[in-house]
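Trainee: Please take one part of this model and go through it closely. I would like to follow how the aromatic rings there are arranged and what lies around them.

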Amino acid sequence: MSGPGVELYWLPLGSGQGGGCVRTSGSLYETVSAWRDRRARLDLFHTGLVVRVDGSAHAIEMTPVWASTDPGRGVVGEGPVGVPALGRWRLFRYEVRCWRDGRIPDAAAAVDSPRLVSADELTARKVLAVVADFPRVTWGRDELRAGEMWNSNSLVSWLLVRSGHDVSGAAFRPPRGGRAPGWTAGVAVAARPPAGPPPGVSPPCRRPCPP
């Protein structure tokens with residue numbers, strides 16, 4: 001793709017950053033979830049976006065802080081992982097990236113991707129404009145009472161809904177036999193009127209996507 005637009009990537013959990021540790025914890029989580037819901041186990045996916053405007057590609061993801069040390073990776077904000085109080089340590093923080101001319105490290109492992117979900121400049125710019133407003137609450141918890149954990153999939157679905165995408169189509173469903181925990185949480189929160197952060201959560205410091 002050479003013109004403006006938004007591409008969605010479906011990435012097998014643990015295919016890149018975090019590797020074996022992420023795969024193991026994800027497998028355990030899915031085993032317990034499948035047993036609780038009385039269903040078959042499914043493959044887990046996480047998502048990323050590539051937004052193209054003005055001849056540049058912006059890679060947007062939510063990843064552990066320790067996953068990269070590249071100083072130009074376009075960090076727009078951070079949040080805690082698992083337990084809010086642990087967020088003071090680098091090991092328990094995540095970051096939201098909007099990396100101009102960057103990359104999604106595990107894009108080569110993506111399944112049925114990239115999916116072009118919009119192809120106009122205005123919509124692509126809207127995605128970039130709202131990245132800094134993403135609610136950076138605790139990864140792995142449901143502090144916003146959305147009925148599901150908050151994670152990297154929440155980032156992507158939140159951005160898509162806030163930028164005007166209708167995420168009910170087939171392009172926004174995980175590959176066959178898979179699911180994306182956190183996706184519906186992002187959709188639900190994005191559909192709400194803008195509000196302040198929940199008690200105990202600091203408002204985000206706006207660090208806009210690099211122009």
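Mentor: F134 and W150 are both buried. This is in a predicted model. A pair of aromatic rings is described by the distance of the centres and the angle of the planes. For F134 and W150 the ring centres are 5.3 Å apart and the planes are at 10 degrees; planes under 30 degrees apart count as stacked, so this pair is stacked. Both residues lie in the loop between α2 (121–130) and α3 (152–162), and because they are 16 residues apart in sequence, the pair ties together separate parts of the chain.

F134 has a second partner, W158, with ring centres 5.7 Å apart. Here the planes stand at 75 degrees, and an angle over 60 counts as edge-to-face, so that is the name for this pair. W158 sits in helix α3, whereas F134 is in the loop between α2 and α3, and the pair links distant parts of the chain, 24 residues apart. Like F134, W158 is buried. Taken together, F134, W150 and W158 form one aromatic cluster. The structure as a whole holds 4 aromatic pairs.

T138 is also in the loop between α2 and α3. Its relative accessibility is 2%, and buried means under 20%, so T138 counts as buried. Its side chain makes a polar contact of 2.8 Å with the side chain of E143. Leaving aside neighbours within four places in sequence, T138 is in contact with W150 of the cluster, and also with P80, V81, G82, V83, P84 and E143.

How values were computed:
Residues are numbered from 1 along each chain as its sequence is written. This is a predicted model: local features need pLDDT of at least 70, side-chain atom pairs count only at pLDDT 80 or more; totals for chains, interfaces and linings use all residues. Side-chain values use heavy atoms; hydrogens and water are left out. Rings of Phe, Tyr and Trp (its six-membered ring) pair if their centres lie within 6.5 Å; planes under 30 degrees apart count as stacked, over 60 as edge-to-face and the rest as tilted. Helices (H or I, at least four residues) and strands (E, at least two) are DSSP runs, numbered from the N terminus. Buried means under 20% relative accessible area, exposed over 50%, partly exposed in between (1.4 Å probe, protein chains only). A polar contact is a pair of N or O atoms within 3.5 Å; within protein, one must be able to donate a hydrogen and the other to accept it, and residues adjacent in sequence count only if both atoms are side-chain atoms. Contact means heavy atoms within 4.5 Å.
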